[in-house]
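Okay, thanks everyone for coming. I'd like to walk you through one chain today, so have a look at the screen and I'll start talking once it's up.

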Amino acid sequence: MNRTGLLILTRASGSRSTLVTLHAPINRHFIRSLQTTSRRSAGAPEPSAYAKRMQNLMNQPNRNRSSNPTVPLQQPWPWHEVPSSSPDTITLQRTLFARPPDFAPPLLLFAAGVWGLFVFAWLLLPDPPKKEYTDEEKKIIEENERKAKEANMLSRLGMSFTNTIFTSAQPLIYGLVTIGLITMMASSTRIVTRINMLQIKPKDGSSQPAKTVLRLTNVGHEMLPWRANKSREVKVEDCQVYIPNLNNSHTIRLKVLKNGQINKWSLDRFPYSLDYRAIPETTKVDKEVVQSVNRLQHVFGYLKVGQ
């Protein structure tokens, strides 16, 4: 059986950086997906290195797909104790995913705040005083109205549309920019920056089972400095991970369910994005980076495409 290397880059806070190579078993006669076969037969370009790596992860034995078991760890992934919220429990933690965003979340919030103040000031401005037209200007206006009445239906519609655009240009621009900023802020809250796996168990050593949860931090939490340490707690069994597009996507999606169903009345109808692009060596990163597909599959099972 052949083996291929999966490079995982982990950078700790400070100047230390560690490059870990994980080995994922690959079947010798792997099965190509129908999607990939149809694209290659149509003369599509060869997939990228990332796509090949994900294809190798998908080419696991079919006998394991029926039950979709968790994947064994290929590198040690120890728990370490963290302060507990209750004096009667012990909390253990380990990092499942960590990658800082390519932009500064507080700057996005600052830009939205400045734009909001600008729009608010524009709304408070008084209407300009009504202008009194001269006799010459009145003649020009009357002539334009006469031409508009004599024009055909298509010309009238064109002139009406042009006048509407010119008179509504300012509110239209303000509205579009505002909607764009709100959309960016809402979509950025679906970008994951860290997932910690927590195990909470009683301190007295009773027979009660340990509780395992995920603490998820996204860009929305990091927009506000006083919320940077906040996170969302979700159950492991309520989460699903998948690859949206094998050849063109550089993210893995995490879907949060409610009682096994998609919550249509919240942002959970849109999945979270886990960015697995390689970070350039020239980029200065002052936060931990953990991009281990093996850890993800160990928790959620084999990855699937397009769920």
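**A sheet, a network and a helix**

Let's begin with an open sheet of 3 strands, in the order β8-β9-β10, with antiparallel pairing. The edge positions belong to β8, residues 239-242, and to β10; each has a single partner strand, so one side of each is left without a neighbour in the sheet. If you like angles, neighbouring strands here are turned by 25 degrees against each other on average, ignoring direction.

Before I go on, please keep in mind that this is a predicted model.

Okay, the pairings. β8 goes with β9, residues 251-256, in the antiparallel sense over 4 bridges. If you want a spot to click on, Val-241 stands opposite Leu-254 in β9. Then β9 is joined to β10 by 4 bridges, and these two run antiparallel. There the pair to pick is Arg-253, which stands opposite Ser-273 in β10.

Now stay on β10 for a second. Are its faces covered or not covered? Both are covered: Tyr-272 and Leu-274 on one side are buried, and so are Ser-273 and Asp-275 on the other. As a reminder, in a regular strand the side chains alternate between the two faces of the sheet.

Asp-275 is my way into the next bit, the charges. Using the N-to-O criterion, the count comes to 10 salt bridges. Four residues, Arg-99, Asp-102, Asp-275 and Arg-277, are linked in a network of them, and I'd like to go through that one link by link.

Start with Arg-99 and Asp-275: they form a salt bridge, with the closest N and O atoms 3.1 Å apart. That pair links distant parts of the chain, because Arg-99 is in the loop between β4, residues 89-98, and α3, while Asp-275 is in strand β10, residues 272-275, and the two are 176 residues apart. How accessible is Asp-275? Its relative accessibility is 14%, so Asp-275 counts as buried. Arg-99 is buried as well, with a relative accessible area of 6%.

Next link: Arg-99 also forms a salt bridge with Asp-102, and there the closest N and O atoms are 3.4 Å apart. Asp-102 is exposed, though, with a relative accessible area of 55%.

And the last link: the side chains of Asp-102 and Arg-277 meet in a salt bridge at 2.4 Å, N to O. Again this links distant parts of the chain: Asp-102 is in the loop between β4 and α3, Arg-277 is in the loop between β10 and α8, residues 293-300, and they are 175 residues apart. Arg-277 has 36% relative accessibility, so it counts as partly exposed.

Right, on to a helix. α6 covers residues 169-188, which is 20 residues, and reaches 28 Å from its first C-alpha to its last, close to the 28 Å expected at 1.5 Å a residue. Which of its residues are buried? Those are Tyr-174, Leu-181 and Ser-188. They cover an arc of only 75 degrees around the axis, and that's why they end up on the same side of α6. On the other side, Leu-176, Ile-179 and Ile-182 are exposed. What sits over the buried ones includes α3, residues 105-124, and α7, residues 219-223.

One more set of strands before I wrap up. Strand β5, residues 192-202, is joined to strand β6, residues 211-218, by 8 bridges, and they run antiparallel. Met-197 has Leu-214 in β6 as its bridge partner. β6 also pairs with strand β7, residues 232-235, again in the antiparallel sense, over 4 bridges. There, the bridge partner of Leu-216 is Arg-232 in β7.

Finally, zooming out to the whole chain. It has 8 helices and 10 strands. Buried residues make up 32% of its 307 residues. And if you take the contacts with a separation of 6 or more, residues 24 or more positions apart account for 64% of them.

That's it from me, so over to you.

Notes
Residues are numbered from 1 along each chain as its sequence is written. This is a predicted model: local features need pLDDT of at least 70, side-chain atom pairs count only at pLDDT 80 or more; totals for chains, interfaces and linings use all residues. Side-chain values use heavy atoms; hydrogens and water are left out. Two strands pair if DSSP finds at least two bridges between them. The expected span of a helix is 1.5 Å times one less than its number of residues. Buried means under 20% relative accessible area, exposed over 50%, partly exposed in between (1.4 Å probe, protein chains only). The arc is that of the directions from the helix axis to the C-beta atoms. Contact means heavy atoms within 4.5 Å. Axes are lines fitted to C-alpha atoms, for helices over the stretch in contact, and angles run from 0 to 180 degrees between N-to-C directions.
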